[in-house]
There are 2 protein chains.
Amino acid sequence: MSVLSTLRHPIVAAPMAGGPSTPALAAAVSAAGGLGFLAAGMIDTGRLVADVAEVRARTDRPFGVNLFLPDPGGVDEAAIQAYARRLAPQATERGVSLGAPVGGDDAYPEKLAALLADPVPVVSFVFGLPDRVAVAALRERGTEVWATVTRPAAATAAADLGVDAVVVQGTEAGGHRGGLPDDDDYALLPLLRLVAAGCDLPLVAAGGIVDGPAVAAVLAAGAAAAQLGTAFLRCPEAGSSPMHRAAVASAAPTALTRSFTGKRARGLANDFLRQHDAAAPTGYPQVLHLTRPLLAAARRDGDASVANLWAGQAHPLARDLPAAEVVTEVGAGARAALAAAVERSTRWG
Amino acid sequence: MSVLSTLRHPIVAAPMAGGPSTPALAAAVSAAGGLGFLAAGMIDTGRLVADVAEVRARTDRPFGVNLFLPDPGGVDEAAIQAYARRLAPQATERGVSLGAPVGGDDAYPEKLAALLADPVPVVSFVFGLPDRVAVAALRERGTEVWATVTRPAAATAAADLGVDAVVVQGTEAGGHRGGLPDDDDYALLPLLRLVAAGCDLPLVAAGGIVDGPAVAAVLAAGAAAAQLGTAFLRCPEAGSSPMHRAAVASAAPTALTRSFTGKRARGLANDFLRQHDAAAPTGYPQVLHLTRPLLAAARRDGDASVANLWAGQAHPLARDLPAAEVVTEVGAGARAALAAAVERSTRWG
């Protein structure tokens with residue numbers, strides 16, 4: 001029986017690396033009948049193991065862990081150096097030095113080994129597709145494997161790899177694009193329909209979904225569940241900073257940009273994004289490491305004009321509620337929206 | 001009683017100026033229980049009057065007419081001249097001269113006067129919001145007024161103008177952006193939810209909707225109806241060129257660009273779009289008039305690498321069927337998708 005079929009609400013907590021996703025949030029979502037997720041990206045393996053243990057201590061319901069796949073490399077070093085020169089005065093002004101724009105694999109092999117040694121119910125991948133060996137090894141240990149796609153062809157490729165489900169991420173999603181390359185611009189609804197036309201796997205719809213009617217919409221479009229990230233950013237269990245919570249609650253528009261990390265991600269459109277977007281090169285995690293001290297200083301200073309404030313397009317609808325209430329209210333809202341649409345449909349013609 | 005409440009299927013034919021929308025298509029959609037639309041943009045007033053007469057001769061069901069609002073002006077003439085110099089060699093190579101990059105109001109006052117003199121059931125607007133006087137004058141004559149929005153704040157402004165319904169257009173839509181400015185990037189589903197949070201008017205969801213489950217999705221998200229354009233491009237009643245039909249049937253991705261007309265529009269990503277997108281200035285209808293002879297020559301030559309081939313993101317799902325069958329099959333598919341989602345929802349928890 002698939003993990004999705006055990007849920008009381010068709011709601012998956014999107015993994016949000018860099019702070020927002022905590023064991024407390026994952027456990028609260030799972031305990032409420034959704035599927036909680038840990039974000040294994042940008043932490044070390046010891047921390048991942050500890051986070052998994054903490055979720056297990058808090059709930060016996062299933063949960064997932066999301067892994068960042070290593071970038072295939074081939075970045076334009078000269079472009080990254082030029083971007084470093086562009087940002088240097090701003091760093092100096094704030095009294096910090098930029099970081100070294102180094103590459104790296106986010107300890108992916110070690111994290112994967114840890115998840116094979118001590119399996120969890122679901123492992124999802126972002127930043128491309130996992131290799132066939134990793135998929136098979138995880139599934140042999142009873143772990144469901146989910147791939148993340150941002151274009152129709154990637155869903156077919158994921159199905160060929162033998163994954164159990166596909167996370168379909170539209171351009172309205174907050175945070176990083178989960179596909180590789182990072183420049184697809186499919187919105188969720190057309191992408192979901194195009195993927196469904198060529199792929200029989202359960203689909204988890206991601207991007208811009210905050211409330212019950214939006215969950216109802218993706219279920220009507222054929223998704224097995226909806227993945228919500230921004231909807232949980234204001235929950236007390238989330239690790240979001242006060243500045244991030246305030247930004248999410250505003251009506252400010254978002255934009256996709258490589259300016260913060262070298263990989264396209266959607267966040268609130270602030271001064272840093274507007275100033276540097278057009279000049280920002282492709283290069284993850286090099287640009288992430290480059291900007292990290294500057295962005296950390298901006299967070300420390302409470303300067304929302306410079307910090308990266310990831311959010312999906314429907315962020316003003318996110319509510320300051322315990323995660324369990326978000327799950328139950330959004331789940332109930334989805335049922336009500338479907339029932340209302342069916343009722344209206346009886347009046348046609 | 002509103003026109004939307006008289007439909008047998010919650011399907012509106014999107015107005016597609018420049019050829020695809022014909023009186024035959026509008027009449028077929030209306031006669032099948034949807035709402036057909038004429039596109040009044042880029043034709044003269046005499047042709048509009050004749051098209052309205054032809055729809056009436058073909059069906060006694062309600063239909064709509066879409067008007068282009070005149071651009072407020074203020075274009076960067078130097079940027080348009082620079083773009084003209086960039087395109088000149090390509091025009092010469094094809095044996096044509098570029099057009100004069102003139103402005104113009106698309107005979108808007110005259111077309112509006114014609115629609116006031118001989119009212120139609122619905123008039124919708126694109127390229128910003130109509131003025132209060134036009135809205136009131138149309139409504140006094142029994143015409144429903146629909147505004148098109150691409151950001152949440154525009155829906156509130158439209159409601160303040162007294163319109164009857166709001167067309168909510170997501171970034172996945174084919175053809176021109178209906179809002180002003182043209183750079184919003186809200187996808188349909190989050191935009192629909194954000195608009196619904198601040199506006200009680202009936203919402204018509206537009207962008208990337210081709211099949212029944214997508215219609216079901218926007219109904220579940222609170223829309224009163226879905227507006228489909230690309231879904232009708234391959235119908236025999238449409239005026240689409242053979243080259244356009246073939247492009248729509250392909251799996252090629254689309255992109256938003258100002259390169260063809262000076263206003264952002266979504267079309268198949270071909271050589272012309274890729275070569276000129278980054279250099280294309282804002283300036284509608286100046287750039288439209290500039291490129292027109294070049295694009296016409298490309299169409300004449302059957303050169304899909306240069307022609308503008310508008311399409312929404314789900315275009316591969318469009319079918320070569322009579323318009324009445326599209327309406328009835330998509331309508332039935334929407335009902336079935338809603339029923340299936342409700343059925344699945346009973347299994348949760």
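Chain A averages a pLDDT of 97, and 100% of the residues score at least 70; pLDDT is the predictor's confidence in each residue, from 0 to 100. The model as a whole scores ipTM 0.97 and pTM 0.98. This is a predicted model, in which local features need pLDDT of at least 70 and side-chain atom pairs count only at pLDDT 80 or more, while totals for chains, interfaces and linings use all residues. Residues are numbered from 1 along each chain as its sequence is written, and chains are lettered from A and ligands numbered from 1 in the order in which they are written.

**How the two chains are related**

- A turn of 180° with a shift of 0.0 Å along the axis lays chain B on chain A with an RMSD of 0.0 Å. The two copies are thus related as by a two-fold rotation axis.
- In chain B, the C-alpha nearest the axis belongs to Ala217(B), at 1.9 Å from it.
- For this superposition, copies are fitted by least squares on the C-alpha atoms of residues with pLDDT of at least 70 in both.

**The interface between the chains**

- Chain B and chain A each bring 43 residues to the contact; two residues are in contact if their C-beta atoms, placed from the backbone, lie within 7 Å.
- On the side of chain B that touches chain A, the elements giving two or more residues are α7 (188-198), α8 (212-220) and α12 (323-345) of chain B. Helices (H or I, at least four residues) and strands (E, at least two) are DSSP runs, numbered from the N terminus.
- The largest share of that side of chain B, 8 residues, comes from α12(B).
- By residue type, the side of chain B that touches chain A divides into 27 nonpolar, 10 polar and 6 charged. Here Ala, Val, Leu, Ile, Met, Phe, Trp, Tyr, Cys and Pro count as nonpolar, Asp, Glu, Lys and Arg as charged, and the others, Gly among them, as polar.
- Of the interface residues of chain B, 100% are also interface residues in chain A, so the copies meet through the same surface.

**Domains of chain A**

- Chain A is divided into domain 1 (1-70 + 105-240 + 319-349) and domain 2 (75-104 + 242-313), with bounds that come from an automatic or database domain assignment.
- The centres of domain 1 and domain 2 of chain A, taken over C-alpha atoms, are separated by 25 Å.
- Domain 1 of chain A gives 17 residues to the contact and domain 2 of chain A gives 14 residues.
- On the side of domain 1 of chain A that touches domain 2 of chain A, the residues divide into 2 nonpolar, 8 polar and 7 charged.

**A small sheet and a helix in chain B**

- In chain B, 3 strands form an open antiparallel sheet in the order β7-β11-β10; two strands pair if DSSP finds at least two bridges between them.
- The edge strands, each pairing on one side only, are β7 (175-176) and β10 (254-257) of chain B.
- Strand β10(B) runs antiparallel to β11 (residues 265-268) of chain B, and 4 bridges join them. Leu268(B) in β11(B) is the bridge partner of Thr254(B).
- In α7(B), 9 of the 11 residues are buried, so this helix is largely enclosed by the rest of the structure. A residue is buried if 20 or more other C-beta atoms lie within 10 Å of its own, exposed if 12 or fewer, and partly exposed in between, with C-beta atoms placed from the backbone.
- The buried residues of α7(B) include Leu188(B), Pro190(B), Arg193(B) and Ala196(B).

**Backbone details to check**

- Leu180(A) and Pro181(A) are joined by a cis peptide bond with omega about -5°. Pro181(A) lies in the loop between β7 (175-176) and α7 (188-198) of chain A.
- Another cis peptide bond joins Tyr284(B) and Pro285(B), with omega about 10°. Pro285(B) sits in the loop between α10 (271-276) and α11 (286-300) of chain B.
- Met42(A), a residue other than glycine, has a positive phi near 65°. Met42(A) is found in the loop between β2 (36-39) and α2 (45-58) of chain A and is partly exposed, with 15 other C-beta atoms within 10 Å.
- Phe127(A) also has a positive phi, about 70°, although it is not a glycine. Phe127(A) belongs to the loop between β4 (122-126) and α5 (132-140) of chain A and counts as buried, with 23 C-beta neighbours inside 10 Å.
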